[in-house]
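Please examine the sequence and the model shown below before attempting the exercises.

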Amino acid sequence: MRIGVPGAETFQSGSLKALILTVLLSVFMFQLLRTVGLRAFSMASETYMSGTHSAAFVTCPNDTVAKDLARGIVERKLAACVNIVPAIKSVYEWQGKIEEDNEVLLHSLKSTKIPEDRQ
């Protein structure tokens, strides 16, 4: 039975195992660590501000109206791109009755907040 301070080979073996474990965890967790790091940096450097990103979802009665609205939004630089999603089914209550309509969906994202008077 050995009593006392472990030898150098024990420390080297333990250090090697720790190094291998650290490398494996880093490789497998790279995406998570990268995402967390980027978010932390963005918050710390004030490049991200809550409320500065806007998303808009607008239903339109038909493709013509959707295209006109999308073109106006892009021309006024309210969004760089507007997606038109055809053929959605909307179910809603109107004047006490449940209604169903075929509509078109507009979707846009903007990296700055849309002013209150343009919402």
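The exercises below treat the fold, the salt bridges, the nonpolar core and a surface patch.

This is a predicted model, in which local features need pLDDT of at least 70 and side-chain atom pairs count only at pLDDT 80 or more, while totals for chains, interfaces and linings use all residues. Residues are numbered from 1 along each chain as its sequence is written, and side-chain values use heavy atoms, with hydrogens and water left out.

**Exercise 1.** Determine how many helices and strands the chain has, and in which pattern they follow.

Solution. Helices (H or I, at least four residues) and strands (E, at least two) are taken as DSSP runs, numbered from the N terminus. The chain has 3 helices and 3 strands. Along the sequence, these give the pattern α-α-β-α-β-β.

**Exercise 2.** Identify the salt bridges, and state whether Lys67 and Lys97 are exposed or partly exposed.

Solution. A salt bridge requires a side-chain nitrogen of Lys or Arg within 4 Å of a carboxyl oxygen of Asp or Glu. The whole structure contains 2 salt bridges.
- Lys67 pairs with Asp63 at 3.2 Å, N to O. These residues lie about one helical turn apart because they are 4 residues apart in helix H3.
- Glu99 pairs with Lys97 at 4.0 Å, N to O.

For accessibility, buried means under 20% relative accessible area, exposed over 50%, and partly exposed in between (1.4 Å probe, protein chains only). Lys67 has 48% relative accessibility and therefore counts as partly exposed. Lys97, at 52%, counts as exposed.

**Exercise 3.** Find which residues form the largest nonpolar core, and which elements give two or more residues to this core.

Solution. A nonpolar core is a set of buried Ala, Val, Leu, Ile, Met, Phe, Trp, Tyr and Cys residues joined through side-chain atoms within 4.5 Å. The largest such core has 7 residues: Cys60, Ala66, Ala70, Ala79, Val82, Val104 and Leu106. Helix H3 (63–75) and strand S3 (97–110) each give two or more residues to this core. In the chain of 119 residues, 16% are buried.

**Exercise 4.** Locate the nonpolar surface patch, and state which element gives the largest share.

Solution. Patch residues have over 30% relative accessible area and no salt bridge; like charges are joined within 9 Å, and nonpolar side chains (Val, Leu, Ile, Met, Phe, Trp, Tyr) within 5 Å. The patch covers about 1,200 Å², and its residues include Leu16, Val23, Phe28 and Val36. Helices H1 (8–28) and H2 (30–44) give two or more residues to the patch. The largest share, 9 residues, comes from H1. Val23 lies in helix H1 and, at 45% relative accessibility, counts as partly exposed.

Conventions. Areas by Shrake-Rupley, 256 points an atom, 1.4 Å probe, with all protein chains shown as cover.
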